[in-house]
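Colleague: Hi! Could you walk me through this one while I have it open?

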Amino acid sequence: MIVKMLSLVFLAVFAAVPAAAVPLYGTEEIVLQSGASYDGIAGTPNPFDLGVTARVTAPSGRRFNVDGFFDGNGEGGSSGRVFKVRVSADEPGVWSWETASDVPGLQGRSGRFTVEGRLGGVFGQGPVGVSPGRPRAFARRGGGPVFLVGKFLDRAAPSPLKYSHTMFSEELGEREREALLARHVDLGLNKINVYLANRGDYGSVSTTPWVGTAEANDKRRLDLARFLMYERWVIRMRDAGMVAHLWVFADDSGFGDLPDDDRKRLIRYSMARLSGYVNTIFTLALEWQEGWSPEEVESHARFLQEKNPWGRLATVHGTTGPFAFPNAPWADFMDIQAGNDARPEAVHALGLAHRGLAAKPLLQEEHGLGDEDTANRQRAWAAFLSGAAGVGTGAFLSHLARFAETVRFERLEPANRLVLAGDAWALTERKRAFVFYLPEGGTIRANLRGAPGPLKVRWYDPRTGGFRNGPQVAGGRVCAFTAPSEDDWALYIYK
């Protein structure tokens with residue numbers, strides 16, 4: 001009798017302990033147990049085709065329909081009863097949820113959770129989205145504008161760290177993933193491009209999300225141990241301040257020939273499992289022209305957005321040239337490549353051309369192989385001076401990122417007409433501030449008419465990240481400026 005009473009007391013105390021609160025911009029994981037166990041490798045019915053959704057209500061009354069996903073035993077095992085729903089907790093207060101499902105035991109489940117405090121690190125300022133009022137720039141929801149800087153082509157790195165897209169490959173180990181993340185942190189970057197599925201790109205360094213190998217797999221079934229690794233590293237990137245830019249399908253892999261059901265199954269599962277993390281953004285496919293039709297891109301990108309309750313940024317990436325879907329509502333930003341051998345002038349011209357296509361952020365993703373040299377540095381700055389909202393490769397990128405933040409890049413617009421003589425590109429903020437980039441130094445004559453003086457003058461060294469002051473100039477006239485050396489320099493002039 002005494003043992004029974006003690007047991008009842010213990011249960012009462014245990015039941016009274018509230019669940020831990022979720023920090024603002026953290027992720028709530030709703031774990032559900034189905035009435036039957038399912039085999040994720042070969043069982044019938046296929047648990048990856050079973051549906052569970054949660055009607056989630058935020059404290060403000062906003063409502064979301066959130067897909068759940070099968071997770072085997074919940075620890076990477078392929079068989080079990082576990083289904084999960086992940087909620088991006090972007091409001092403080094009490095949230096509620098209720099499930100709908102044809103899976104036995106999952107219909108009509110409900111619960112609540114509390115959001116308080118705030119996620120640590122830069123993502124405590126929220127996810128990266130389009131800047132309110134400045135549609136050509138990215139910004140954190142609860143913070144300021146952010147210039148995205150990645151280096152997915154990094155020939156300066158040792159193998160196998162040269163290509164960040166391979167980070168989730170089954171051919172890499174945890175030590176190599178750790179080294180890849182550490183290199184991005186050391187380079188001062190804030191975005192990592194990673195494939196969710198690859199077979200032929202990068203010399204066939206495969207990333208296989210399905211049960212099986214790259215050569216033989218069942219695209220109706222997802223490998224839960226691999227997805228557990230994917231999400232663990234998405235969290236690691238979040239805690240390191242990195243945007244996890246997840247590319248669902250690689251090029252050179254024949255994925256454009258897959259049946260729609262197989263492609264959409266991977267899209268649906270990836271979004272359900274990964275989009276609840278605050279640091280994720282998505283690209284449907286790399287170089288879609290190599291296997292996808294425009295109609296297939298449209299239908300699958302719309303499907304991705306339908307499975308995107310948290311409004312994570314999403315787009316597609318093409319071959320060299322203009323972005324093919326600038327006005328598509330599913331394309332939150334334009335992701336382009338000028339080509340790995342493009343001259344800086346071509347990178348700059350391509351960026352300028354996109355300003356006439358759509359008022360959306362432009363990500364100049366690919367314009368060199370990432371050697372830490374002058375040419376790759378010049379290409380990255382050429383992209384920046386074209387009004388890009390971020391770059392995907394280049395050199396000396398931490399210095400570019402620091403400069404972009406210093407000059408409030410989101411306020412600047414291309415203004416090459418202000419360069420009357422000399423070799424330079426220009427940006428201006430309504431003639432209150434000016435940025436000039438001189439790719440080979442020299443002297444320029446700049447039209448500062450209409451700018452109230454006196455104006456401060458600062459030279460910025462793209463190789464070292466250091467400023468040096470120049471003499472102030474009077475506004476409202478044409479002025480000549482000579483770079484401190486024959487190397488490339490940026491010139492910042494402001495009131």
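Modeller: Happy to; we can go through a helix, the cores, the aromatic rings and a couple of polar residues.

Colleague: Before that, is this predicted or experimental?

Modeller: This is a predicted model.

Colleague: Okay, helix 4. What is its span, and what would be expected?

Modeller: Helix 4 covers residues 224–239, 16 residues in total. From first C-alpha to last it reaches 23 Å, close to the 22 Å expected at 1.5 Å a residue.

Colleague: And what sits at either end of helix 4?

Modeller: At the start, a side-chain oxygen of D223 comes to within 3.1 Å of the backbone nitrogen of A225. After the helix comes G241, which has a positive phi, near 85 degrees.

Colleague: Which residues of helix 4 are buried?

Modeller: The buried ones are L224, R226, F227, M229, Y230, E231, W233, V234, M237 and R238.

Colleague: Now the largest nonpolar core. Which residues touch the most other members?

Modeller: F168, M237, F249 and F384 do, in a core of 125 residues. Helix 4 supplies the largest share of this core, with seven residues.

Colleague: Where's the second core, roughly?

Modeller: The second core is separate and has 22 residues, among them A415, A426, F434 and C479.

Colleague: Back to F249 for a second. What does F249 touch?

Modeller: Leaving aside residues up to four places away in sequence, F249 touches Y195, A197, F255, L258, R263, L266, I267, L284, A285, L286 and W292. Two residues from that list turn up again as a pair: R263 lies over the face of W292, 4.5 Å from the ring centre.

Colleague: Nice. What about R463?

Modeller: R463 lies over the face of W489, at 5.1 Å from the ring centre.

Colleague: Switching to aromatics. How many aromatic pairs are there in the whole structure?

Modeller: The search finds 37 aromatic pairs. Take F147 and F384: their ring centres are 5.5 Å apart and their planes are at 90 degrees, so this pair is edge-to-face.

Colleague: Which parts of the chain does that pair tie together?

Modeller: F147 is in the loop between strand 10 (138–140) and strand 11 (148–149), while F384 belongs to helix 8 (residues 374–385), so the pair links parts that are 237 residues apart in sequence.

Colleague: Are those two buried or exposed?

Modeller: F147 counts as buried at 6% relative accessibility, and F384 counts as buried at 2%. Another pair is F323 and F325, with centres 6.4 Å apart and planes at 80 degrees, so that one is edge-to-face as well. F323 and F325 are both buried.

Colleague: Which residues form an aromatic cluster with F147 and F384?

Modeller: The cluster has F147 and F384 together with W381, F403, F409, W425, Y437, Y460, F467, Y492 and Y494.

Colleague: Let's move to polar residues. Where is N376 found?

Modeller: N376 is in helix 8, and it is buried, with a relative accessible area of 2%. The side chain of N376 makes a polar contact with the side chain of R379, at 3.4 Å.

Colleague: What else does N376 touch?

Modeller: Not counting residues up to four places away in sequence, N376 touches H367, G368, L369, G370, D371, G394 and A395.

Colleague: Last one: D67?

Modeller: D67 lies in strand 4 (residues 63–67) and counts as buried at 17% relative accessibility. Its side chain makes a polar contact with the side chain of K307, at 3.3 Å. Residues that D67 touches include V52, T53, V85, R268 and A272.

How values were computed: Residues numbered from 1 in each chain as written. Predicted model: local features only at pLDDT ≥ 70, side-chain atom pairs only at ≥ 80, totals over all residues. Heavy atoms only, no water. Helix = DSSP H or I, 4+ residues; strand = E, 2+ residues; numbered from the N terminus. Expected span 1.5 Å × (residues − 1). Buried < 20%, exposed > 50% of the residue type's maximum accessible area, 1.4 Å probe, protein only. Polar contact = N/O pair within 3.5 Å; in protein donor to acceptor, adjacent residues only side chain to side chain. Core = buried A, V, L, I, M, F, W, Y, C linked by side-chain atoms within 4.5 Å. Contact = heavy atoms within 4.5 Å. Phe/Tyr/Trp six-rings, centres within 6.5 Å; stacked < 30°, edge-to-face > 60°. Lys NZ or Arg CZ within 6 Å of the ring centre and 35° of its normal.
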